[in-house]
Amino acid sequence: MLYRAAELLVSPLVRAYFRPQATGQQYVPRTGPAIIAGNHLSAADEVFTPITAGRQVLYFAKAEYFQGAGLRGRITAWSFREFGHVPVDRDNPRAAANTIDVGVELLAQDKALGIYPEGTRSPDGRLHKFRTGVARLALRSGAPVIPVGLVGTDKVLSEGDRHWYRAPVEVHYGPALDFSGRAEDERSSRKLREVAETIREAVQKLSGQDYVDTYGSSVKAID
């Protein structure tokens, strides 16, 4: 209900105010399963991707967002559920495996699942090494991977700042990457890396970022 209301009322206002420039929207299937894999510059990415994709995109979110106390906490938990976000307990040693399992279930329900293969927001604006979770998800589910490159979202909402600024934003979608019929490749670490790299190259081409072969979580942010 909340998502539908936001789609009808809020999304047009956001588009009118920020005027995001979107390309390749024809590559996003209107129905059926899809993995929307993109670079991650800002929390605003989860706003600009769905409003340009033309369909609801579900994201994983920290479990604590669904367990907040007090009025504000309950409102946050309610809104996250209404928008279809999926709780993930990052303190659980099996969280990564559980996330893949849940993702496959959602894709089997013909949902569009948004994922940031870097695993964290870029600390320096560059594109960082992709983790292989996106490869496992693609191989196990057989769902098409739609690469997306976001530009400028970090100027709209930067980390640690609650204020949204009006700045140019670009959202570029690329042709679907098909890894269906290759479920057995999930057993090979080499093939998992190859799939992750194929997706990374497609995202980098769309985002125009410089690439650094290290995980973003291991890099100190550059001021």
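**Figure 1. Overall view of the predicted model.** Among the contacts in the protein that have a separation of 6 or more, 77% join residues lying 24 or more positions apart. The model shown here is predicted, and the protein in it contains seven helices and nine strands. Of its 223 residues, 44% count as buried, while the accessible surface of the protein comes to about 11,900 Å², with 52% of that area belonging to carbon and sulfur atoms.

**Figure 2. Close-up of His128 in strand β6.** Strand β6 covers residues 127-128, and His128 lies within it. His128 has a relative accessible area of 0% and is buried, because the cut-off for that class is under 20%. From this position, the side chain of His128 reaches the backbone oxygen of Thr214 at 3.1 Å.

**Figure 3. Close-up of helix α5 and the residue just after it.** Helix α5 spans residues 133-141, and its buried residues are Val134, Ala135, Leu137, Ala138 and Leu139. An α-helix has 3.6 residues a turn, so residues three or four places apart point the same way. Just after α5 comes Gly142, which takes a positive phi of about 75°.

**Figure 4. Close-up of the second largest pocket.** Rolling a probe the size of a water molecule over the atoms shows where empty space is left. The second largest pocket holds about 190 Å³ of space and is lined by 12 residues, with Leu41, Ser122, Pro123, Asp154 and Glu159 lying nearest its centre. Sorted by class, the lining of this pocket is made up of four nonpolar, four polar and four charged residues.

How values were computed:
Residues numbered from 1 in each chain as written. Predicted model: local features only at pLDDT ≥ 70, side-chain atom pairs only at ≥ 80, totals over all residues. Heavy atoms only, no water. 1 Å grid on protein atoms, 1.4 Å probe; cavity = no way out; pocket = protein on both sides within 12 Å on 5 of 7 lines; lining within 4 Å. Points joined across faces, edges and corners; volume = space filled by probe spheres on them. Nonpolar A, V, L, I, M, F, W, Y, C, P; charged D, E, K, R; others polar. Buried < 20%, exposed > 50% of the residue type's maximum accessible area, 1.4 Å probe, protein only. Helix = DSSP H or I, 4+ residues; strand = E, 2+ residues; numbered from the N terminus. Polar contact = N/O pair within 3.5 Å; in protein donor to acceptor, adjacent residues only side chain to side chain. Contact = heavy atoms within 4.5 Å. Areas by Shrake-Rupley, 256 points an atom, 1.4 Å probe, with all protein chains shown as cover.
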